[in-house]
Amino acid sequence: MRAVRVSGRPLTPRAATSAAGLMVLALLGCTKTEAPRVGGVGDRLQAFMTQASPDTKNTCWVCEYSGQPTLLAIGDPADTAFADDLARIQGMLGKRPDVKAFAVASRFEGGKVTPFSDHAAALQSVAALRDRLGLTFPVVVIPRNADDYVAQGYQKFDVTYRVAAPRMVLFAGPDGKVRWAEALRTEARDAQLAALDLAVAAAL
C-alpha cells in the first residue's frame, strides 16, 4: 500500500478507513460535514485536483509540492493584470529556486470563483498564456469532474478556498501553513510583491 503523507496529500481509501487514517483526517479538519477553509495567514493548504491540458492526467499540485515552500496564484486568464502578476512571480521565482508555484485560472462572479462555461477553451487559454509568458510553473484549471475526487480525500476548490477577490496570491511554508495572503492590486503590486519576497525569504 502506498505510504500516507499527511501534509496536503489525500489518504488512500484503505488508509482512510483505518483508525490511523481517521485520526489524521480529524487533525486536518477533513470531515464530511464541514470542509476546511483556506484563504488567510495561518490556514493550511488543502489538496485539490487540477487539469493543465486534455492530454495530461489531472494533478494535485499541493500534493506534488508537499513539504516544500509553495506559492499559489488565482486569477482570470483573460485579465491582463493577472498575466502581469504571473510574469512578475516568474521573475521572483528565478531568484528563489527552492520555491514551488502554480496558478489556478478561474472566472469570478458575485465575489467567488466560478467554473468556465467552455472548459476546452479555458484549457487552450491557460496553455497559450503559459507559453506566451514563458512560465516554468503550471497554469491549471479545475477539472470538470472535480466532484469525483472528493470521496478520495480531495477538497472542492471553489468550496474550500476563500478567494475574496481576483489576483489572489497565497504563499505557504514547507509545513503547508499560509504565511502570506493578499489579492494583488496594480497600484500596490510593487510593495505587495516586496512583502511577499520577505515572507518567502523568512520561510527558507
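In this predicted model, seven aromatic pairs are found. One of them is formed by Tyr65 and Phe102, whose rings lie 6.3 Å centre to centre with 55 degrees between the planes, a tilted arrangement. This pair links distant parts of the chain, since Tyr65 belongs to the loop between helix H3 (61-64) and strand S1 (70-75), whereas Phe102 belongs to strand S2 (residues 100-105), 37 residues apart. Both Tyr65 and Phe102 are buried. Another pair is made by Tyr149 and Tyr154, which is edge-to-face because the ring centres are 5.9 Å apart and the planes stand at 85 degrees. Tyr149 is counted as buried at 14% relative accessibility, and Tyr154, with a relative accessible area of 15%, is buried as well. A single aromatic cluster is formed by Phe48, Trp61, Tyr65, Phe102, Phe157 and Tyr161, and Tyr65 and Phe102, the tilted pair described above, are thus among its members.

The strands are arranged in an open sheet of five, in the order S5-S2-S1-S6-S7, with mixed pairing. The edges are occupied by strand S5 (139-140) and S7, each of which has a single partner strand, so that one side of each is left without a neighbour in the sheet. Helix H7 packs on this sheet, where it touches S1, S6 and S7, and the direction of H7 makes about 170 degrees with that of S7.

Within the sheet, S1 and S2 run parallel and are joined by six bridges. One residue of S1, Leu72, has Phe102 in S2 as its bridge partner, and Phe102 is also the residue that pairs with the ring of Tyr65. Strand S2 is largely enclosed by the rest of the structure, because five of its six residues are buried. On the other hand, S1 pairs with S6 in the antiparallel sense, over five bridges, and in this pairing Thr70 stands opposite Ala172 of S6.

Strand S6 is mostly covered, with five of its five residues buried. In a regular strand the side chains alternate between the two faces of the sheet. In S6 both faces are covered, with Met168, Leu170 and Ala172 buried on one side and Val169 and Phe171 buried on the other. Strand S6 is further joined to strand S7 (residues 178-183) by five bridges, and these two strands run antiparallel. Met168 stands opposite Ala183 in S7, while the bridge partner of Phe171 in S7 is Trp180. The hairpin of S6 and S7 has five residues between the strands, and in this hairpin Gly176 takes a positive phi near 85 degrees.

A positive phi is also found at Arg167, where the value is near 70 degrees in a residue other than glycine. Arg167 is placed in the loop between helix H6 (157-160) and S6, and at 9% relative accessibility this residue counts as buried.

Helix H4 (residues 80-94) was examined for its length and its surroundings. Its 15 residues should span 21 Å at 1.5 Å a residue, and the end C-alpha atoms are 21 Å apart, which agrees with that expectation. The N-terminal end of H4 is capped by Asp79, of which a side-chain oxygen lies 2.9 Å from the backbone nitrogen of Ala81. Ala81 is itself among the buried residues of H4, which are Ala81, Phe82, Ala83, Asp85, Leu86, Ile89, Gln90, Met92 and Leu93. An α-helix has 3.6 residues a turn, so residues three or four places apart point the same way. The buried residues of H4 are covered by elements that include S1, S2, helix H5 (119-133), strand S6 (168-172) and helix H7 (189-203); of these, H7 also packs on the sheet.

A further polar contact is located in the loop between helix H2 (19-28) and H3, where Ser53 lies. The side chains of Ser53 and Thr56 are joined by a polar contact of 3.2 Å, and Ser53 is buried, with a relative accessible area of 18%.

Terms used
Residues numbered from 1 in each chain as written. Predicted model: local features only at pLDDT ≥ 70, side-chain atom pairs only at ≥ 80, totals over all residues. Heavy atoms only, no water. Phe/Tyr/Trp six-rings, centres within 6.5 Å; stacked < 30°, edge-to-face > 60°. Helix = DSSP H or I, 4+ residues; strand = E, 2+ residues; numbered from the N terminus. Buried < 20%, exposed > 50% of the residue type's maximum accessible area, 1.4 Å probe, protein only. Expected span 1.5 Å × (residues − 1). Contact = heavy atoms within 4.5 Å. Polar contact = N/O pair within 3.5 Å; in protein donor to acceptor, adjacent residues only side chain to side chain. Pairing = 2+ DSSP bridges. Axes fitted to C-alpha atoms, helices over the stretch in contact; angles between N-to-C directions.
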